[in-house]
Amino acid sequence: MKWIRELATNWISDLGASAMFAWESLNIGVRRGVRFGSLIDQMYHVGVKSLPTTLIAGGFVGAILAIQLNVQLRDYGAQAVLGGLATSTTIRNIGPVLIAFMLSGKVGAYTAAELGSMRVTDQMDAVRCLGANPMEFIVVPRLLAVILSSFCLLVIGLMVGIAGGIVISQLVLSINAVEYVQKIPRYVSLWSVGTGMAKSLVFGIVIGVICCYRGYTASGGAAGVGRAVRQAAVEVLVLIIVLDFTLSSLSEFLHAFLRVGQL
Amino acid sequence: MSHIRLENLRKSFGPKRVLDGLSLEVRSGEIVFVIGKSGTGKSVLLKHIVGLMQPDAGEIYFEGEPLCGKAESEWYRIRRQCGMVFQHPALLDSLSVLENVAFGLRAHRLAKSESELREAVAAKLAAVNLGADIMDRFPPELSFAVQKRVSLARTLAIAPDVLLFDEPTTAQDPVATRAINELIHRLSRTLGVSSLVVSHDMHCALAIADRIVMLDGGKAVAQGSPQEMLESKHPLVAGFMKEAKERLFEVD
């Protein structure tokens with residue numbers, strides 16, 4: 001029991017420190033403004049360069065879901081609703097989670113490793129010695145770039161995921177693309193789209209905050225950078241799963257509550 | 001007037017006491033070399049002056065203002081006046097040489113236009129014996145010695161009143177070493193910039209120092225002008241000076 005208590009204490013402590021880090025970054029960003037040139041530069045590095053990977057991952061996520069759901073629906077002769085179900089699942093649950101997992105490796109690990117290397121090679125201290133705050137000049141542009149890029153990439157990934165489902169249904173499952181698309185509005189409400197967008201934003205924030213925090217606080221040379229990247233990866237993956245469950249439950253609860261309210 | 005004054009500074013890392021009641025003064029425009037065996041706390045001393053480390057006890061004064069216990073936000077003003085050149089270049093790998101040297105100029109809005117900024121960067125690079133042709137290159141493309149000189153140019157760009165050097169001439173060729181020594185000397189004599197230099201290079205110390213301080217066991221065990229140190233009977237100082245004189249003899 002003792003190790004469970006210690007593990008829980010460490011997790012809560014780390015989450016608290018990450019939240020404080022996010023608050024400080026927000027505070028600096030609001031008070032001192034964001035270095036626009038640096039933000040654009042970082043968005044190119046972490047966002048634009050991750051686009052091909054996101055397109056591939058997103059397309060295959062949609063295709064996999066369409067194939068898997070088709071297997072279940074075929075037994076009940078309900079393939080007509082494949083388009084609606086596959087798209088709904090892609091947007092609300094599986095799509096954001098799988099694409100966020102991919103981005104945590106592509107964008108998050110890169111950022112944690114870069115900031116960690118800067119920390120252990122005295123680059124952060126050198127910036128401090130120039131009378132500048134590394135949070136303002138180094139961290140905030142990267143944090144904002146990771147959040148915005150992750151959100152945009154998730155949304156693009158979801159759209160490509162839907163397209164992947166359509167293409168695979170037409171080419172492999174012999175389901176007419178028009179029929180597939182026609183079923184989408186019946187199963188995908190604005191609420192579903194909103195839930196998917198909210199998850200994408202929250203996952204983007206999680207990837208940005210955890211990876212920047214772990215990189216910024218790395219210590220102990222190359223081994224310390226490795227440790228920081230590993231911790232960032234584990235924490236992001238676990239948090240994404242936990243938050244996916246939490247946000248899905250919250251979305252269902254709010255949806256039901258608002259419908260009852262309307263009645 | 002003293003630019004920097006350390007009083008009874010103490011610092012331990014676990015059971016190891018690195019600074020043990022160190023007191024030291026750097027007066028305005030003075031060049032002070034701190035010498036000593038490896039691991040005697042010379043770099044730790046510099047990090048205390050710019051607030052990268054906090055002492056366990058003692059006080060640090062910058063132009064009469066006590067620094068210990070200051071919040072991080074207050075340190076930025078001090079560091080703007082008290083530039084430090086690290087032992088390792090610590091250049092930002094993702095930025096070009098131009099952007100590295102211009103970092104402080106941009107952060108403190110010291111240049112009115114891009115052309116003025118490029119001119120200022122070129123001038124600082126020239127001061128450390130580097131050409132403007134390396135401006136668009138990135139740190140990993142440069143040798144360690146060139147990176148160190150770019151790092152020195154970056155610190156010079158913010159025009160600090162005091163310069164702290166951690167082994168500035170390590171890995172430099174003789175021409176660059178001479179240029180750096182002349183630069184430190186010129187900054188001191190023409191602009192009144194004080195310099196505190198941590199170094200193992202006794203030739204540089206004897207050539208340009210106003211005062212040399214020998215550190216041992218976390219304390220200043222001897223100090224004086226280069227001539228006084230050359231004549232010192234202190235066994236550790238005598239050992240350092242003997243080695244320097246022998247190497248001088250070999251070269252001659």
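How many residues does the contact take from chain B, and how many from chain A? The contact takes 24 residues from chain B and 19 residues from chain A. The model is predicted. Notes on the interface, the two chains and the sheets of chain B follow.

1. **Buried area.** Between them, chain B and chain A bury about 1,700 Å². Of that area, 62% lies on carbon and sulfur atoms.

2. **Salt bridge.** The rule finds one salt bridge across the interface of chain B and chain A. The partners are R128(A) and E72(B). Their closest N and O atoms are 3.0 Å apart.

3. **Polar contacts.** Four residue pairs are in polar contact between chain B and chain A, with both residues at pLDDT 80 or more. On the chain B side, the elements that give two or more residues are α2 (72-81), β6 (82-85), α3 (97-107) and α5 (144-157). By class, this side of chain B has eleven nonpolar, six polar and seven charged residues.

4. **Chain A.** The secondary structure of chain A comes to ten helices and zero strands. Along the sequence, the pattern of chain A is therefore α-α-α-α-α-α-α-α-α-α, with helices defined as DSSP runs of at least four residues. The C-alpha atoms of chain A fill a box of roughly 70 × 40 × 40 Å along the principal axes.

5. **Four-stranded sheet of chain B.** This sheet is open, and its strands run in the order β2-β1-β4-β5 (chain B). The pairing is antiparallel. At the edges stand β2 (16-27) and β5 (65-66) of chain B, and each pairs on one side only.

6. **The β1-β2 hairpin.** Strand β1 (residues 2-13) of chain B pairs with β2(B) in the antiparallel sense, over nine bridges. Two residue pairs can be checked by eye. L9(B) stands opposite L22(B) in β2(B). L6(B) has L24(B) as its bridge partner in β2(B). The hairpin of β1(B) and β2(B) has two residues between the strands. There, G14(B) takes a positive phi near 65 degrees.

7. **Six-stranded sheet of chain B.** The second sheet described here is also open. Its strand order is β6-β7-β8-β3-β9-β10 (chain B), and the pairing is mixed. The edge strands are β6 and β10 (219-224) of chain B, each of which pairs on one side only. Neighbouring strands are turned by 20 degrees against each other on average, direction ignored.

8. **A parallel pair.** Within the six-stranded sheet, strand β3 (residues 31-36) and strand β9 (residues 211-216) of chain B pair in the parallel sense. The pairing runs over five bridges. One position to inspect is V34(B), whose bridge partner in β9(B) is V213(B).

9. **Helix α1 of chain B.** Which strands does helix α1 (residues 42-49) of chain B lie across at about 120 degrees to β1(B)? They are β1, β2 and β4 (57-62) of chain B. α1(B) also lies across β3, β6, β7 (162-166), β8 (194-198) and β9 of chain B. Against β7(B), α1(B) runs at about 150 degrees. So strands from both sheets are in contact with α1(B), where contact means heavy atoms within 4.5 Å.

10. **Helix α2 of chain B.** α2(B) packs on the six-stranded sheet and touches β6 and β7 of chain B. The direction of α2(B) makes about 70 degrees with that of β6(B). Both α2 and β6 of chain B are also among the elements that give two or more residues to the side touching chain A.

Conventions:
Residues are numbered from 1 along each chain as its sequence is written. Chains are lettered from A and ligands numbered from 1 in the order in which they are written. This is a predicted model: local features need pLDDT of at least 70, side-chain atom pairs count only at pLDDT 80 or more; totals for chains, interfaces and linings use all residues. Side-chain values use heavy atoms; hydrogens and water are left out. Two strands pair if DSSP finds at least two bridges between them. Axes are lines fitted to C-alpha atoms, for helices over the stretch in contact, and angles run from 0 to 180 degrees between N-to-C directions. Buried area is the accessible area (1.4 Å probe) that two parts lose on being put together, summed over both. A salt bridge is a side-chain nitrogen of Lys or Arg within 4 Å of a carboxyl oxygen of Asp or Glu. A polar contact is a pair of N or O atoms within 3.5 Å; within protein, one must be able to donate a hydrogen and the other to accept it, and residues adjacent in sequence count only if both atoms are side-chain atoms. Ala, Val, Leu, Ile, Met, Phe, Trp, Tyr, Cys and Pro count as nonpolar, Asp, Glu, Lys and Arg as charged, and the others, Gly among them, as polar.
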